Amino acid sequence: MYRVMLVEDDARLAELVMEYLSGYEFAVDLVTRGDTALERFKALAPDVVVLDLMLPGLDGMVVCRQIREVSEVPILILTAREDSYDEVSGLEQGADDFVNKPVQPRVLLARLRALMRRTQARSADASVLQFGALRIVTTDRSVLWRDEVCVLSNTEYKLLLVLAEAAGRVLSRDELLKKMRGIEFDGLDRSIDNCISKLRRKFDDADSEKIKTVWGEGYLFSPSAWN
């Protein structure tokens, strides 16, 4: 059973979609306003989001961007436009798929199933991250360093995983905090810096070659330095 967060203010359409999907492998939670969507998303932790664009309180494109900043959950956008404007904008904000209104429930069901299959395939491929002597197994949250288990705190593990998943790309403190905790960097929070220091000690990175500091920008996980 997959959990869907349906963000839709059209009561008739929402009822139709909820009734149809509930007859299959999807349980649906309805959110009717854009300005409450992110908070509800964090509380519900859905497997997939179905998102209308024309919402009271906050535009659906903004909601899409907010969700994508804190999660990689699949997002399917409902659009009333026939041209490519919404599709291009949605892709730029992180959407995964689109269905045109008026919605055909069987088409929506097929698209959701396809999204979940792709997500499961990506999850299976990404269950092990290997960089030289570093091995991260996401299924059981284990970390091996030079063939020995490395004990990490929950925060250390989350930070290492976020960095490793973005190997070769600089991540700012703001990006790291959003991905880890869904909050923005206020310019004073030093928790990321402190955690980086702990990771460097555990992985013999005194020279900061494995986790590089890019001054004025953030941190970079170097994929070739973990020997």
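Is D96 buried, partly exposed or exposed? In this predicted model, D96 has a relative accessibility of 29% and therefore counts as partly exposed, since the intermediate class lies between the 20% limit for buried residues and the 50% limit for exposed ones. The side chain of D96 meets that of R68 in a salt bridge, with 3.0 Å from N to O. Because D96 is placed in the loop between α4 (85–93) and β5 (97–100), whereas R68 belongs to helix α3 (residues 60–70), the pair ties together parts that are 28 residues apart in sequence. R68, for its part, counts as buried, at 14% relative accessibility.

Helix α3 also takes part in a second salt bridge, in which the side chains of K178 and E69 meet at 3.7 Å, N to O. This pair links distant parts of the chain, with K178 in helix α7 (residues 173–181) and E69 in helix α3, 109 residues apart. The lysine of the pair, K178, counts as buried at 15% relative accessibility, while E69 is partly exposed, with a relative accessible area of 33%.

Salt bridges that share partners further join E8, D52 and K101 into one network. Within this network, D52 lies in strand β3 (residues 48–52) and, with a relative accessibility of 4%, counts as buried. The side chains of D52 and K101 are joined by a polar contact of 3.0 Å. When neighbours within four places in sequence are left aside, the residues in contact with D52 are V7, E8, D9, G60, L78 and K101.

A further salt bridge is formed by the side chains of R33 and D35, at 3.0 Å from N to O. Both of these residues count as partly exposed, R33 at 36% relative accessibility and D35 at 41%. In the whole structure, the search finds 14 salt bridges.

Turning to the sheet, 4 strands are arranged in the order β6-β7-β8-β9 and form an open sheet with antiparallel pairing. Strands β6 (128–131) and β9 (148–149) stand at the edges, and because each has a single partner strand, one side of each is left without a neighbour in the sheet. Strand β7 (residues 134–137) is joined by 4 bridges to strand β8 (residues 142–145), the two running antiparallel, and R135 stands opposite L144 in β8. Helix α6 (residues 154–165) lies across β6, β7 and β8, and runs at about 105° to β7.

Aromatic side chains were examined in the same way, and the search of the whole structure finds 7 aromatic pairs. The ring centres of F131 and F221 are 4.9 Å apart and their planes stand at 65°, so the pair is edge-to-face. Since F131 lies in strand β6 and F221 in strand β12 (residues 218–221), this pair ties together parts that are 90 residues apart in sequence; F131 and F221 are both buried. W145 and F203 likewise form an edge-to-face aromatic pair, with 5.6 Å from centre to centre and 85° between the planes. Here, too, distant parts of the chain are linked, as W145 is in strand β8 and F203 in the loop between α8 (191–202) and β11 (211–214), 58 residues apart, and both W145 and F203 are buried. F131, W145, F203 and F221 belong, together with W226, to one aromatic cluster.

Notes: Residues numbered from 1 in each chain as written. Predicted model: local features only at pLDDT ≥ 70, side-chain atom pairs only at ≥ 80, totals over all residues. Heavy atoms only, no water. Pairing = 2+ DSSP bridges. Contact = heavy atoms within 4.5 Å. Axes fitted to C-alpha atoms, helices over the stretch in contact; angles between N-to-C directions. Salt bridge = Lys/Arg side-chain N within 4 Å of Asp/Glu carboxyl O. Buried < 20%, exposed > 50% of the residue type's maximum accessible area, 1.4 Å probe, protein only. Polar contact = N/O pair within 3.5 Å; in protein donor to acceptor, adjacent residues only side chain to side chain. Phe/Tyr/Trp six-rings, centres within 6.5 Å; stacked < 30°, edge-to-face > 60°.
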